[in-house]
Amino acid sequence: MKIKKIFVSTILCVLMGAMYGVVVSGCAHKVEPQKPELFPASNFDTILHGLQVSLYTLTNQNGMAVQVTNYGARIVDLWVPSKNGDFKDVVWGYSNIKDYLDSPDVYSGPVVGRYGNRIAKGRFVLDGEEYQLTINDGENHIHGGSNGLWNRIWTARQYTNDDGEEAVEMTYFSPDGEEGYPGNMNIKVTYTVGNENTLRIGYEATSDATTIVNLTSHSYFNLHGTSAKSTNSHILTLNADSFTPTDAELIPTGDITRVENTPLDFRQPTAIGERIEADYEPLHFAKGYDHNWILNKTSNEISLAASLYEPETGIVMNVLTDQPAIQFYSGNFMNGTETGKRGDKHNYRTGVALETQNYPDAPNHSNFPSAVLKPGDTYKHVCIYEFGVQE
C-alpha cells in the first residue's frame with residue numbers, strides 16, 4: 001500500500017482554514033475517523049408481554065461493536081471498520097423499540113424459528129402423526145409462525161468469556177404446542193464479539209418430545225453502511241455447486257439443481273446485480289434472489305459458506321457455519337416506505353440476508369438432511385460473521 005507524504009507549513013494551514021473553511025492534508029486538525037454511534041439502552045427500556053426489554057452492547061479491542069436487544073434476540077446495529085478507518089453500521093434496524101414494534105417488516109435482525117424458512121402448508125408428519133403449524137405466508141408457514149421467536153422476550157445474561165471476549169446469552173422456553181410445534185423446547189442463542197472482528201452466533205435447543213428445529217438469524221446486511229445504497233454492487237461468493245429449486249410459492253420441489261450455467265452460480269466472485277434480472281424461472285418466482293444454496297461439504301465442520309465484499313467501503317464479510325445450506329435473499333420486497341436508523345430509507349434491494357440453515361421444508365422431503373430433534377439430543381448450530389477490509 002502506497003503512503004503519500006504531504007508537507008504543508010503551519011502558516012498555509014491556518015490561512016487556508018481561515019479563508020475557505022477547509023482542512024488541509026498535513027494540518028494538525030485532521031478529521032477524525034467516524035466511530036460507532038451507539039444507541040442508549042434507554043431507547044429499548046420498556047415492558048412487553050409483562051417482561052423487561054433491554055439493549056446490550058458488546059465491543060472488542062479494535063472498536064467493533066454490536067448491540068442486541070432481547071426483543072426477538074435481534075441484532076440492532078453492527079459496527080465494523082471500513083478501508084478509510086471509519087466505522088460503518090452494516091445491518092438494517094431501528095434506533096428504538098417503538099420503531100421495531102411499528103415496522104411491518106418483523107424480520108429485521110431477529111432469531112427466527114422454531115423453523116426458519118418455509119414449510120409447505122405448515123404441515124409435517126412425525127412418528128406417524130401429522131402436525132399443523134400456523135399459516136403466515138400465503139398458504140404456508142415461514143420463520144416459525146405469526147408469533148414466532150422474533151416476537152418473544154428472551155432472558156438475557158451478559159458476560160465476558162474465558163478468552164476475554166464480550167458475549168450475551170439469550171434463552172427462551174417455547175411451550176408444547178406454540179405455533180403448532182410439538183414438545184417443550186429450551187432454546188439458547190449466544191452472541192460473542194471476537195477480537196479478530198468476528199460475530200459468533202451459537203444456537204442450542206433441547207426438547208422433551210420429538211420435534212423439528214431450524215434456527216437462524218435474519219439480519220439484513222448493507223456493507224455501504226446503513227446508507228440506503230443498493231446492495232447490487234456487493235460482490236458475492238457462495239461455496240455451493242447446487243441449490244434447491246422451488247415452485248412459485250418458493251416451496252422446494254425436492255429436486256437438487258446444479259448452479260453451473262445459471263444466474264445462481266456464485267462460485268466465483270460476482271456482483272449481485274450482474275444477473276439478477278436474467279430470464280430464468282427461479283429468479284422470476286422470487287423476484288430476484290431468494291434461494292437455498294447447498295454448501296460444498298460432507299460433514300458438520302465449520303467452513304466458509306459465503307463471502308460478501310463492497311468495493312466502495314472495502315468491507316469484506318465472510319460467513320462460516322456448520323450447517324448444510326445458506327439462504328441468500330436480495331431484498332426484492334423492500335420499497336422505501338420505511339425509515340430506519342439515522343433517517344435511512346429501506347429502499348429496493350438495499351439489504352441482503354445470508355441465513356445459515358438446514359434446507360427449507362426439510363421435514364417433507366426424505367432426501368433432505370433431517371431436521372428432527374429427539375428427547376435427550378441437543379440441536380447445535382454455529383454461524384460466524386467475520387469482518388475484514390480489502391484495499
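The largest pocket in this predicted model has a volume of about 640 Å³. It is lined by 29 residues, and those closest to its centre are D105, Y107, Y220, Y329 and F333. Sorted by class, the lining of this largest pocket is made up of 10 nonpolar, 11 polar and 8 charged residues. The second largest pocket holds about 360 Å³ of space. Its lining has 18 residues, of which N300, Q323, P324, S370 and K380 are the closest to the centre, and the elements that give two or more residues to this lining are β27 (372–373) and β28 (379–389). By class, the second largest pocket is lined by 7 nonpolar, 7 polar and 4 charged residues.

One of the elements just named, β28, also belongs to an open sheet of 9 strands, which follow one another in the order β12-β13-β14-β15-β28-β24-β23-β18-β21 with antiparallel pairing. The edges of this sheet are taken by β12 (155–160) and β21 (270–271), and because each of these has a single partner strand, one side of each is left without a neighbour in the sheet. Strands of a sheet pair through backbone hydrogen bonds, in either a parallel or an antiparallel sense. The table gathers several of the antiparallel pairs of this model, some from the open sheet and some involving β22.

| Strand pair | Bridges | One facing pair of residues |
|---|---|---|
| β13 (166–174) and β14 (185–194) | 9 bridges | E169 and T190 |
| β14 and β15 | 10 bridges | M185 and S207 |
| β15 (198–207) and β28 | 8 bridges | E204 and K380 |
| β24 (315–321) and β28 | 7 bridges | I315 and V389 |
| β19 and β22 | 3 bridges | A240 and L295 |
| β22 and β25 (325–329) | 5 bridges | D290 and Y329 |

Within the open sheet, strand β14 deserves a closer look. Of its 10 residues, 8 are buried, so β14 is largely enclosed by the rest of the structure. On one side it pairs with β13, where S174 stands opposite M185 of β14, and M185 also has S207 as its bridge partner in β15. The hairpin formed by β14 and β15 has 3 residues between the strands, and there N197 takes a positive phi near 60°. The next strand in the order after β15 is β28, and here K380 is the bridge partner of E204; K380 is also among the residues closest to the centre of the second largest pocket, so that a single residue links the description of the sheet with that of the pocket.

Strand β22 (residues 290–295) is mostly covered, with 6 of its 6 residues buried. In a regular strand the side chains alternate between the two faces of the sheet. In β22, D290, N292 and I294 point one way while H291, W293 and L295 point the other way, and all of them are buried. This strand pairs with β19 through 3 bridges and with β25 through 5 bridges. Where β22 meets β25, D290 stands opposite Y329, and Y329 is one of the residues closest to the centre of the largest pocket.

Two further residues show how individual positions sit in the model. T244 lies in the loop between β19 (240–243) and β20 (257–258), and at 1% relative accessibility, under the 20% cut-off, T244 counts as buried. Leaving aside residues up to four places away in sequence, T244 touches D255, I256, N292, I294, Y359 and F368. Of these contacts, N292 and I294 belong to the set of β22 residues that point one way from the strand, together with D290.

The other residue, D77, is found in strand β5 (residues 74–81). D77 is buried, with a relative accessible area of 0%, and a polar contact of 3.2 Å joins its side chain to that of W79. Again not counting residues up to four places away in sequence, D77 touches E37, L38, F39, A65, V66, Q67, D89, V91 and K341. L55 stands 22 residues from D77 along the chain, and the C-alpha atoms of the two are separated by 11 Å.

Conventions
Residues are numbered from 1 along each chain as its sequence is written. This is a predicted model: local features need pLDDT of at least 70, side-chain atom pairs count only at pLDDT 80 or more; totals for chains, interfaces and linings use all residues. Side-chain values use heavy atoms; hydrogens and water are left out. Helices (H or I, at least four residues) and strands (E, at least two) are DSSP runs, numbered from the N terminus. Buried means under 20% relative accessible area, exposed over 50%, partly exposed in between (1.4 Å probe, protein chains only). Contact means heavy atoms within 4.5 Å. Two strands pair if DSSP finds at least two bridges between them. A polar contact is a pair of N or O atoms within 3.5 Å; within protein, one must be able to donate a hydrogen and the other to accept it, and residues adjacent in sequence count only if both atoms are side-chain atoms. On a 1 Å grid over the protein atoms alone, a cavity is a set of points where a 1.4 Å probe fits but cannot get out, and a pocket is an open set with protein on both sides within 12 Å along at least five of seven lines; lining residues have an atom within 4 Å of a point. Grid points are joined across faces, edges and corners, and a volume is the space filled by probe spheres set on the points. Ala, Val, Leu, Ile, Met, Phe, Trp, Tyr, Cys and Pro count as nonpolar, Asp, Glu, Lys and Arg as charged, and the others, Gly among them, as polar.
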